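Let's take a look at how two neighbouring pieces of a protein fit together, and at a hollow in its surface. Have the model open while you read.

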Amino acid sequence: MCFADFPTRLTAILLGLLLSVSAAQGFEIEDRRLFKATDERTRLSVISTADLDVFEPIIRAFQASHSDISVDYVVTGTTDLMQALYDEGASFDLAISSAMDLQTKLANDGFAQTHTPTAAATLPTWASWRDQLFAFTQEPAVVVVSDRFFPPGEAPQNRDELIALLRANPERFQGKIGTYDVRRSGFGYLMATQDSRNSDAFWRLMEVMGRLDAKLYCCSGDMIRDVASGKLALAYNVLGSYAVAQQKTTDGFHVIEMSDYVNVMSRTALIPRTARNADDARIMLDFLLDLRTRKDLVAASGLPAIDPAALRANPSLRPIRYGPGLLVFLDSLKRQNFLRNWENSLLQN
């Protein structure tokens, strides 16, 4: 080998290694923290769409009773989580997501392991699917409204009232409405497709929002902050658990559950096919499924636990059900058609 060529060859090798690492992890990591065990025996790798400040109390409580398990907690978006497991074959021991349809597809297409939870006998029938996908929260999609725009009692209470108000006051609400960019957010796409199945009012609302130059967001937290500051008058289809949690520290907004119907999402967990530490993943999954017995953790995390009695008491609450119906809008052609109609409604300028 010619030594003059050595630097060039070394550069090529290093570049190849960098490219291979990039290709191996194309999904975006938004946040990451290692919760080190006091007496580490094993390490549990979790990929999740729940923010660190939301899930930290749960992890701390889990480690209080399992002090030998360290938790490597990775935060990403719903579509990035799907990409990591489905397209890239990334190795994680537990996957937690608010996008029920994407989680269902992972299980349906063979990317999840079977588990028999210790709480199986007490789980509602709708809270699990094929013994692979398990729900541990019930979280409504809500409307968050600014106190500057809506004094108490004056905000619309259903979609027809909201549409009528926006149509009658275009100057007041121009550029002041927020909602999810469903092209980027798996949760936003799930809520939008469920809306379209529940009521024709959804498309009328999207058209009105489009004429008002609605602002599009990736995340509930960003929408809530902009409503609280008065930058937005209201945000539609915000994750209710985040809104209620932020009310504890932030003024300037209030939360409305629409009276015509409220889509209720369940945060779900599954053990990926690629899990290297499935044993500890099963332990943590059982811990999550027991969340409803831990009022302290529900309060600390802001994640509402499964409560069948609350669903029975309020007929406007409509839990999203598992099953093949959730896969309909993940079909590539149906997704393209839905997004085209959504863009035509929202992006009118």
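Is the crossing of helix 9 and helix 10 left-handed or right-handed? It's right-handed. Keep in mind that this is a predicted model.

Now for the geometry. Helix 9 covers residues 220–229 and helix 10 covers residues 240–247. They pack at an angle of about 45°, and their axes are 10 Å apart. Helix 9 is therefore oblique to helix 10.

Who touches whom? On the helix 9 side you'll find Ser220, Gly221, Ile224 and Arg225, and they meet Tyr242, Ala243 and Gln246 of helix 10. Sort the residues of this contact by class and you get three nonpolar, three polar and one charged.

Next, the largest pocket. Its volume is about 790 Å³, and 34 residues line it. Lying nearest its centre are Asp51, Cys219, Ser220, Gly221 and Tyr242. You've met some of these already: Ser220 and Gly221 from helix 9, and Tyr242 from helix 10, also take part in the helix contact.

Here's how the pocket lining splits by class:

| Class | Residues in the lining of the largest pocket |
|---|---|
| Nonpolar | eleven residues |
| Polar | 13 residues |
| Charged | ten residues |

Which helices help build this lining? Helix 2 (52–65), helix 3 (78–87), helix 9, helix 10 and helix 12 (295–301) each supply at least two residues. Helix 9 gives the largest share, with four residues. So helix 9 is worth finding on your screen: it packs against helix 10 and it also lines the largest pocket.

Note on methods: Residues are numbered from 1 along each chain as its sequence is written. This is a predicted model: local features need pLDDT of at least 70, side-chain atom pairs count only at pLDDT 80 or more; totals for chains, interfaces and linings use all residues. Side-chain values use heavy atoms; hydrogens and water are left out. Axes are lines fitted to C-alpha atoms, for helices over the stretch in contact, and angles run from 0 to 180 degrees between N-to-C directions. Angles under 35 degrees count as roughly parallel, over 145 as roughly antiparallel, 65 to 115 as roughly perpendicular and the rest as oblique. A crossing is left-handed if the near helix is turned anticlockwise from the far one by less than a right angle, and right-handed if clockwise. Contact means heavy atoms within 4.5 Å. Ala, Val, Leu, Ile, Met, Phe, Trp, Tyr, Cys and Pro count as nonpolar, Asp, Glu, Lys and Arg as charged, and the others, Gly among them, as polar. On a 1 Å grid over the protein atoms alone, a cavity is a set of points where a 1.4 Å probe fits but cannot get out, and a pocket is an open set with protein on both sides within 12 Å along at least five of seven lines; lining residues have an atom within 4 Å of a point. Grid points are joined across faces, edges and corners, and a volume is the space filled by probe spheres set on the points.
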